[in-house]
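Please open the model in your viewer and keep the selection panel at hand. The tour goes from one helix to the nucleic acid and ends at a pair of cysteines.

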2 protein chains.
Amino acid sequence: MSRTTTIGAAAKAAGVAIDTVRYYEREGLLPVANRSSGGYRLYTAADVERLRFIRQAKALGFTLGDIAGLLQLQDGGGPRQQVREMARARVSELDRKIRELTAIRDTLVALEQQCHGSGTVAGCPIIEGVQSVSLNQSPES
Amino acid sequence: MSRTTTIGAAAKAAGVAIDTVRYYEREGLLPVANRSSGGYRLYTAADVERLRFIRQAKALGFTLGDIAGLLQLQDGGGPRQQVREMARARVSELDRKIRELTAIRDTLVALEQQCHGSGTVAGCPIIEGVQSVSLNQSPES
DNA sequence: TTGGAGTCTGGACTCTACTTCAGGGTCAAG
DNA sequence: CTTGACCCTGAAGTAGAGTCCAGACTCCAA
């Protein structure tokens with residue numbers, strides 16, 4: 001009964017691409033949309049809210065998998081406690097990653113400062129330093 | 001004429017997987033290996049060094065593309081200046097990412113602290129807060 | 001000589017989050 | 001009625017950095 005929009009308008013209102021909306025429907029993050037007589041998907045204000053939620057949660061670094069979980073909690077009126085746990089887990093993850101990147105950064109800065117930056121690469125402290133650096137594997141970034 | 005090892009020993013010595021060594025050869029990060037009479041790839045200590053360099057540079061967050069550039073500089077005796085620039089660029093990139101992740105982290109922590117964590121998800125400050133947060137798109141992590 | 005560990009190949013597959021494509025149908029304005 | 005903007009579908013492609021596979025071959029020690 002509420003007013004509805006087409007996919008283009010909904011996508012624009014939520015700040016995502018049209019294809020992304022269809023993709024989210026396929027992936028189950030959005031309910032299967034109602035259709036107009038001509039077969040166009042129809043979106044309500046609630047759908048647009050949901051899209052916006054997805055976009056923002058993504059900006060907070062949640063994966064679509066995480067977001068699916070969050071949306072399920074919303075849909076099912078699940079325990080708030082669980083939302084909190086997901087937020088906490090995400091914060092830990094972020095802390096870990098920030099520490100890791102900071103360590104990498106500091107290492108590179110130190111190497112860079114040992115390099116006077118003239119001549120050829122032979123004996124360059126940065127190149128040679130890389131060999132002897134010890135860091136954890138796979139910074140995932 | 002120097003002693004050589006098979007791919008398994010080289011991979012182990014460098015701390016990477018066998019398939020990864022072959023992959024690096026395909027991608028041009030390693031020279032095409034000499035072969036034994038039976039067709040086995042043969043690796044020298046220099047190859048192992050190179051593999052180790054790649055691994056470490058990756059741990060510093062350089063992409064394989066970056067690393068290919070670094071290796072080309074090494075192979076060609078290129079200007080040290082250029083190595084420095086790559087290191088600087090990487091540091092800037094890291095700084096940017098660290099700032100971004102920190103902003104996300106702080107946002108999440110703030111939301112989490114507003115949530116007492118009991119009851120259902122309805123009205124949960126974390127969920128509702130996500131809607132109104134303003135951050136840049138695509139944190140790429 | 002035989003058995004098992006190691007290696008060879010080309011190609012397909014993984015993951016995430018989309019994006020692009022071709023070849024159509026729908027809708028509203030003029 | 002036509003034009004142009006919008007929308008539909010299923011399938012395939014993208015990036016990055018590998019990983020895995022089957023089936024065949026090689027190597028070394030017992």
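In this predicted model, begin by selecting B:Asp19 and B:Arg26, which are exposed and sit on the face of H2(B) turned away from its buried side. Then add B:Val21, B:Tyr24 and B:Glu25, the residues that are buried in this helix, which runs over residues 18–26 of chain B. Because these three cover an arc of only 100° around the axis, they lie on the same side of H2(B). An α-helix has 3.6 residues a turn, so residues three or four places apart point the same way.

To see what this buried side meets, select within chain B the helices H1 (7–14), H3 (45–59) and H4 (64–76) together with the strands S1 (34–35) and S2 (41–42), against which the buried residues of H2(B) pack. Before leaving the helix, click on B:Gly28, which follows H2(B) and has a positive phi, near 85°.

Next, display DNA strand C and the 21 residues around it, of which A:Asp19, B:Thr6, B:Arg22, B:Tyr40 and B:Arg41 come nearest. If you colour the atoms of DNA strand C that come within 4 Å of the protein, sugar and phosphate account for 70% of them. The residues of this surface divide into eight nonpolar, seven polar and six charged.

Three contacts to the phosphates can be inspected in turn. At B:Thr6, a polar side-chain atom lies 2.5 Å from a phosphate oxygen of DNA strand C, and at B:Arg35 an N or O atom of the side chain is 2.8 Å from a phosphate oxygen of that strand. At A:Leu64, by contrast, look to the backbone, where a polar atom is 3.4 Å from a phosphate oxygen of DNA strand C. Which elements give two or more residues to the surface near DNA strand C? They are helix H2 (18–26) of chain A together with H1 and H2 of chain B, and H2(A) gives the most, with five residues.

Finally, select the sulfur atoms of A:Cys115 and A:Cys124. Over all chains the count of disulfides comes to zero. The sulfur of A:Cys124 is the nearest cysteine sulfur to that of A:Cys115, at 4.0 Å, and because a disulfide requires the two sulfur atoms to be within 2.5 Å, A:Cys115 is in no disulfide. Both side chains can also be checked for exposure: A:Cys115 is buried, with a relative accessible area of 2%, and A:Cys124 is buried as well, at 0%.

Definitions and conventions
Residues numbered from 1 in each chain as written. Chains lettered and ligands numbered in written order. Predicted model: local features only at pLDDT ≥ 70, side-chain atom pairs only at ≥ 80, totals over all residues. Heavy atoms only, no water. Buried < 20%, exposed > 50% of the residue type's maximum accessible area, 1.4 Å probe, protein only. Helix = DSSP H or I, 4+ residues; strand = E, 2+ residues; numbered from the N terminus. Arc of directions from axis to C-beta. Contact = heavy atoms within 4.5 Å. Near = heavy atom within 4 Å. Polar contact = N/O pair within 3.5 Å; in protein donor to acceptor, adjacent residues only side chain to side chain. Nonpolar A, V, L, I, M, F, W, Y, C, P; charged D, E, K, R; others polar.
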